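Colleague: Before we go through this model, could you show it to me and explain the terms as they arise?

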Amino acid sequence: MRKIYHLSSCSTCQQIIKELKLKEKNFIFQDIKTEKITSPQLNEMIKMAGSVEPLFSTKAIKYRELGLKDKKLTDAEKKNYILNEYTFLKRPVIIIDSEIFAGSSPETISRVKYIL
């Protein structure tokens, strides 16, 4: 499976999609703002990533607004935040067969380029 979880309103996501030419490479696109992530989808991502940690964004504005940086969140709490508010998913999340890549760091994007 080739899939990307992204935000169509995120310029970084759109730049990565363009740079990697994902539209020409038969990827399934899911805009997480208009098509919410389901629990089974998140469970599969967590299984692929090894834990919820690499998928959970601490850069989300709501992370600071809710004072979450001062709390020790459990994996279940992180999962609930992602399911209830798309901004808590580190983006984009790119799945290529059995590999998962979360976030927009140059290292992550280089790894995706290598796999593609």
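Modeller: Two strands are taken as paired if DSSP finds at least two bridges between them. Strands (E, at least two residues) and helices (H or I, at least four) are DSSP runs, numbered from the N terminus. The model is predicted, so local features need pLDDT of at least 70 and side-chain atom pairs count only at pLDDT 80 or more, while totals for chains, interfaces and linings use all residues. Residues are numbered from 1 along each chain as its sequence is written, and side-chain values use heavy atoms, leaving out hydrogens and water.

Colleague: Which residue in β2 stands opposite histidine 6?

Modeller: Strand β1 (residues 2–6) runs parallel to strand β2 (residues 28–31), and 4 bridges join them. Opposite histidine 6 in β2 stands aspartate 31.

Colleague: Through which helix does the chain cross from β1 to β2?

Modeller: This β-α-β crossover is right-handed, meaning that with the strands pointing away from the viewer, the path from the first strand over the helix to the second runs clockwise. The chain crosses from β1 to β2 through residues 11–20, helix α1.

Colleague: How many disulfides does a search of the whole structure find?

Modeller: A disulfide is a pair of cysteine sulfur atoms within 2.5 Å. The sulfur of cysteine 10 has its closest cysteine sulfur in cysteine 13, at 3.5 Å, and therefore too far for a bond. For the whole structure, the number of disulfides found is 0.

Colleague: Is cysteine 13 buried or exposed?

Modeller: Buried means under 20% relative accessible area, exposed over 50%, and partly exposed in between (1.4 Å probe, protein chains only). Cysteine 10, at 18%, counts as buried. Because its relative accessibility is 0%, cysteine 13 also counts as buried.

Colleague: How many degrees around the axis do the buried residues Thr108, Ile109 and Val112 of α5 cover?

Modeller: In helix α5 (residues 106–115), these three residues are buried. The buried residues of α5 pack against α1, β3 (93–96) and β4 (99–102), contact meaning heavy atoms within 4.5 Å. The arc is taken from the directions from the helix axis to the C-beta atoms. Thr108, Ile109 and Val112 lie on the same side of α5 because they cover an arc of only 95 degrees.

Colleague: Which exposed residues does the face of α5 turned away from its buried side carry?

Modeller: An α-helix has 3.6 residues a turn, so residues three or four places apart point the same way. The face of α5 turned away from the buried side carries Pro106, Glu107 and Tyr114.
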